[in-house]
Amino acid sequence: MPIRCLLWDFGDTLCNEMSLWRVSAEWMEVYRSFDEDDGIGAAWNLGELDTPEVAARLAERMSLSEAEIRAHLSRTDLFEFFPFTYAFFRARHLPQAIVTVNPAAFREMARDLGFDEVTDTIVVSGEEKTIDKGVLCDIAIRRMPSECANENALLIDNKQSNLKAWAERGGVGYLYTTDSAFEQDVARGIENLVRR
């Protein structure tokens with residue numbers, strides 16, 4: 001089956017997920033404990049908590065104010081994008097979507113990064129109230145302006161569990177590992193990224 005559209009994961013696929021958290025030891029500690037004590041990371045990604053609520057909870061464990069935490073969480077300048085992969089994404093080879101497990105606040109960040117200019121749709125778990133990547137990919141396919149069947153939609157993601165969830169709905173996937181591996185693999189053509 002030919003690939004007619006691309007579904008892109010964000011964290012650890014287009015950019016280094018740790019780049020937002022690596023700014024200090026305090027932020028790294030928050031990242032490591034984000035879901036351990038009170039599960040705020042998962043609740044945030046499911047849209048059960050909004051950013052002000054998350055900032056309030058984090059302020060209880062950090063030396064920063066709620067306003068400082070909110071400002072940090074909205075910074076797009078800290079993202080370290082994988083050079084080849086990001087350039088390939090920005091070149092828009094096919095109709096494409098971002099499909100991400102992230103809080104609803106990701107939508108504004110995506111606009112700030114200009115993702116709305118190079119994607120047909122952006123699907124965010126915090127807005128859809130699910131972290132099931134298969135469901136999120138289905139939503140993305142339905143929102144694409146041109147028809148793309150699941151078997152023609154390639155999910156590029158760094159988590160095997162997400163690829164499995166999409167495969168269970170008839171989709172195909174590529175397990176993203178590194179920028180250089182993606183560059184080498186896509187050099188043979190987008191069709192060759194498909195795991196058969």
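Asp-132 caps the N-terminal end of helix α9 in this predicted model. A side-chain oxygen of Asp-132 sits 2.8 Å from the backbone nitrogen of Gly-134. Helix α9 itself covers residues 133-143. It lies across four strands, β1, β4, β5 and β6 (153-157). Relative to β4, α9 runs at about 150°. Of the 11 residues of α9, 8 are buried, so the helix is largely enclosed by the rest of the structure. The buried set begins with Lys-133 and Gly-134. Leu-136, Cys-137, Asp-138, Ile-139, Ala-140 and Ile-141 are buried as well. The cover over these residues includes the strands β1, β4, β5 and β6. It also includes two helices, α8 (125-128) and α10 (160-167).

The sheet is open and is built from 5 strands. Their order is β5-β4-β1-β6-β7, with parallel pairing. β5 (121-124) and β7 (172-175) stand at the edges. Each has a single partner strand, so one side of each is left without a neighbour in the sheet. From one strand to the next, the twist averages 20°. Within the sheet, β1 (residues 5-8) pairs with β4 (residues 96-100) in the parallel sense, over 3 bridges. Leu-6 has Gln-96 of β4 as its bridge partner.

Gln-96 also appears among the contacts of Thr-119. Thr-119 belongs to the loop between α7 (115-118) and β5. The residue is buried, with a relative accessible area of 9%, which is under the 20% limit for that class. A polar atom of the Thr-119 side chain lies 2.7 Å from the backbone oxygen of Phe-115. Neighbours within four places in sequence aside, Thr-119 touches Phe-89, Arg-92, Gln-96, Ala-97 and Ile-98.

Arg-92, one of these contacts of Thr-119, is in the loop between α5 (83-91) and β4. Its relative accessibility is 31%, and it counts as partly exposed. The backbone of Arg-92 has a positive phi of about 50°, although the residue is not a glycine. Most residues other than glycine have a negative phi. Asp-12 is likewise not a glycine and has a positive phi, of about 65°. Asp-12 is placed in the loop between β1 and β2 (15-16). At 26% relative accessibility, Asp-12 is partly exposed.

The largest pocket holds about 720 Å³ of space. Its lining comprises 30 residues. Closest to the pocket centre are Glu-17, Asn-45, Val-101, Asn-102 and Pro-103. Three helices give two or more residues to the lining: α1 (25-32), α2 (40-45) and α6 (106-112). α2 gives the most, with 4 residues.

Ala-105 is located in the loop between β4 and α6. It is partly exposed, with a relative accessible area of 33%. In sequence, Ala-105 and Glu-191 are 86 residues apart. In space, the two are 33 Å apart, C-alpha to C-alpha.

Methods
Residues are numbered from 1 along each chain as its sequence is written. This is a predicted model: local features need pLDDT of at least 70, side-chain atom pairs count only at pLDDT 80 or more; totals for chains, interfaces and linings use all residues. Side-chain values use heavy atoms; hydrogens and water are left out. Two strands pair if DSSP finds at least two bridges between them. Axes are lines fitted to C-alpha atoms, for helices over the stretch in contact, and angles run from 0 to 180 degrees between N-to-C directions. Contact means heavy atoms within 4.5 Å. Buried means under 20% relative accessible area, exposed over 50%, partly exposed in between (1.4 Å probe, protein chains only). A polar contact is a pair of N or O atoms within 3.5 Å; within protein, one must be able to donate a hydrogen and the other to accept it, and residues adjacent in sequence count only if both atoms are side-chain atoms. On a 1 Å grid over the protein atoms alone, a cavity is a set of points where a 1.4 Å probe fits but cannot get out, and a pocket is an open set with protein on both sides within 12 Å along at least five of seven lines; lining residues have an atom within 4 Å of a point. Grid points are joined across faces, edges and corners, and a volume is the space filled by probe spheres set on the points.
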